[in-house]
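The following exercises concern a protein structure, which should be kept in view throughout. Attempt each task before reading its solution.

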Amino acid sequence: MPLAPSRRDVTRRQIQKSKSMNKKAIEESVKVAIRIRPMKPNGSNETPVRAFRAGDNSVIEDSKREYQYDNVFGEEADTTQVYSELVKDIVSSVSNNGLNGIIFTYGQTSSGKTFTMQGVRETEGLIHYAARDIFKAIEQQIDKNKNSEHSVKISYVEIYNEELRDLLRDKRTSSNTSSLAIREDRKGAVTVQNMKEVAVQNLDQLMQVFRSGEDNRSMGSTKMNNRSSRSHTILKITVEKSTLHDPVGDCGDEKENNKQAHPKKKSFVVKTSSTLNLVDLAGSESVRLTGATGQQKKEGGIINKR
């Protein structure tokens with residue numbers, strides 16, 4: 001006759017199962033995607049050779065080696081496709097579910113990171129699409145519950161030569177960057193002391209504040225990129241929501257009946273605060289290709305350490 005498992009064995013199995021489930025949830029919460037930039041004209045009569053091409057969620061090197069990723073976007077993909085397939089669900093979890101999310105671009109210089117994040121001219125970037133959907137979600141939530149209140153705040157900082165700078169403070173009128181300090185609060189959350197946060201009411205206001213921060217960003221020009229980012233930037237969008245819930249319902253005559261049946265039930269307020277971080281990392285670079293000298297060479301060396 002088989003012996004029944006002891007309480008200790010059952011508990012151990014439950015713990016192992018819980019750890020396995022948590023590990024799986026953590027693994028599934030991180031996605032890695034590749035976007036292949038179209039070839040640039042090299043100004044010569046030589047035909048450029050493509051070393052990589054997009055496969056089925058894979059990158060194929062010289063038609064021999066294949067590397068798998070969560071998503072792979074080929075040269076023909078535009079930023080709207082990248083947003084819809086990769087980023088939109090993260091933004092929804094921030095605006096609708098009160099979860100935190102982060103999107104960051106990484107790669108060598110001139111690979112299209114800032115183009116993907118910000119766009120150019122008539123082409124919008126991930127920042128615009130994310131902000132648009134956050135305010136759309138807020139409008140929908142207000143339509144469903146008139147007793148809900150929302151606020152959106154943004155901050156924008158850069159890490160330049162190991163120094164943390166607040167891009168929403170005009171460096172022509174404020175040169176105090178040493179006042180920014182990274183701290184961990186009582187709940188274990190990492191915060192930046194003295195960082196400026198600006199409340200915004202709509203998409204246009206948010207993009208206007210963001211662009212004012214861009215004017216203060218450290219940029220330069222190299223042989224590989226006319227507008228090269230010389231720093232890592234973090235745009236933080238904080239969404240705060242306060243919703244009044246009535247447990248007895250709010251549906252006309254039925255509401256009065258529910259109040260009589262449950263006289264002790266009271267309304268309550270649920271508050272959530274979630275953040276979306278959009279990180280644009282400066283691209284790793286080779287001095288041989290960029291032709292950087294002096295200060296730019298120093299900047300490149302520090303960027304390559306990341």
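**Exercise 1. The start of a helix**

Task: Determine which side-chain oxygen reaches to the backbone nitrogen of D204 at the start of α5.

Solution. The model is a predicted one. Step 1: at the start of α5, the backbone nitrogen to consider is that of D204. Step 2: a side-chain oxygen of N202 comes to within 3.3 Å of this nitrogen.

**Exercise 2. The two sides of α5**

Task: State which residues of α5 are buried, and explain how they are arranged about the axis of the helix.

Solution. Step 1: α5 comprises 12 residues and reaches 16 Å from its first C-alpha to its last, close to the 16 Å expected at 1.5 Å a residue. Step 2: residues are counted as buried under 20% relative accessible area; in α5 these are L203, L206, M207, V209, F210, G213 and E214. Step 3: viewed down the axis of α5, the buried residues fall within an arc of 160 degrees, so they line one face of the helix. Step 4: an α-helix has 3.6 residues a turn, so residues three or four places apart point the same way. Step 5: D204 and Q208, on the other side of α5, are exposed. Step 6: the cover over the buried residues of α5 includes α3 (113-118), α4, β9, β13 (198-200) and β16 (232-245).

**Exercise 3. Aromatic pairs**

Task: How many aromatic pairs does the structure hold? Classify the pair of Y83 and Y129 and that of Y156 and F210.

Solution. Step 1: the structure holds 2 aromatic pairs. Step 2: the ring centres of Y83 and Y129 are 5.6 Å apart and the planes stand at 45 degrees, so this pair is tilted. Step 3: Y83 belongs to helix α2 (residues 79-97) and Y129 to helix α4 (residues 126-144), so the pair ties together parts 46 residues apart in sequence. Both Y83 and Y129 are buried. Step 4: for Y156 and F210, the centres are 5.2 Å apart and the planes are at 45 degrees, so this pair is also tilted. Step 5: Y156 lies in strand β9 (residues 148-160) and F210 in helix α5 (residues 203-214), so the pair ties together parts that are 54 residues apart in sequence. Both Y156 and F210 are buried.

**Exercise 4. Confidence**

Task: Identify which element has the lowest mean pLDDT and which the highest.

Solution. Step 1: the mean pLDDT of the protein is 77, and 68% of its residues reach 70 or more. Step 2: helix α7 (residues 287-290) has the lowest mean pLDDT, 44, and β13 the highest, 97.

Key. Residues are numbered from 1 along each chain as its sequence is written. This is a predicted model: local features need pLDDT of at least 70, side-chain atom pairs count only at pLDDT 80 or more; totals for chains, interfaces and linings use all residues. Side-chain values use heavy atoms; hydrogens and water are left out. Rings of Phe, Tyr and Trp (its six-membered ring) pair if their centres lie within 6.5 Å; planes under 30 degrees apart count as stacked, over 60 as edge-to-face and the rest as tilted. Helices (H or I, at least four residues) and strands (E, at least two) are DSSP runs, numbered from the N terminus. Buried means under 20% relative accessible area, exposed over 50%, partly exposed in between (1.4 Å probe, protein chains only). The expected span of a helix is 1.5 Å times one less than its number of residues. The arc is that of the directions from the helix axis to the C-beta atoms. Contact means heavy atoms within 4.5 Å. A polar contact is a pair of N or O atoms within 3.5 Å; within protein, one must be able to donate a hydrogen and the other to accept it, and residues adjacent in sequence count only if both atoms are side-chain atoms. pLDDT is the predictor's confidence in each residue, from 0 to 100.
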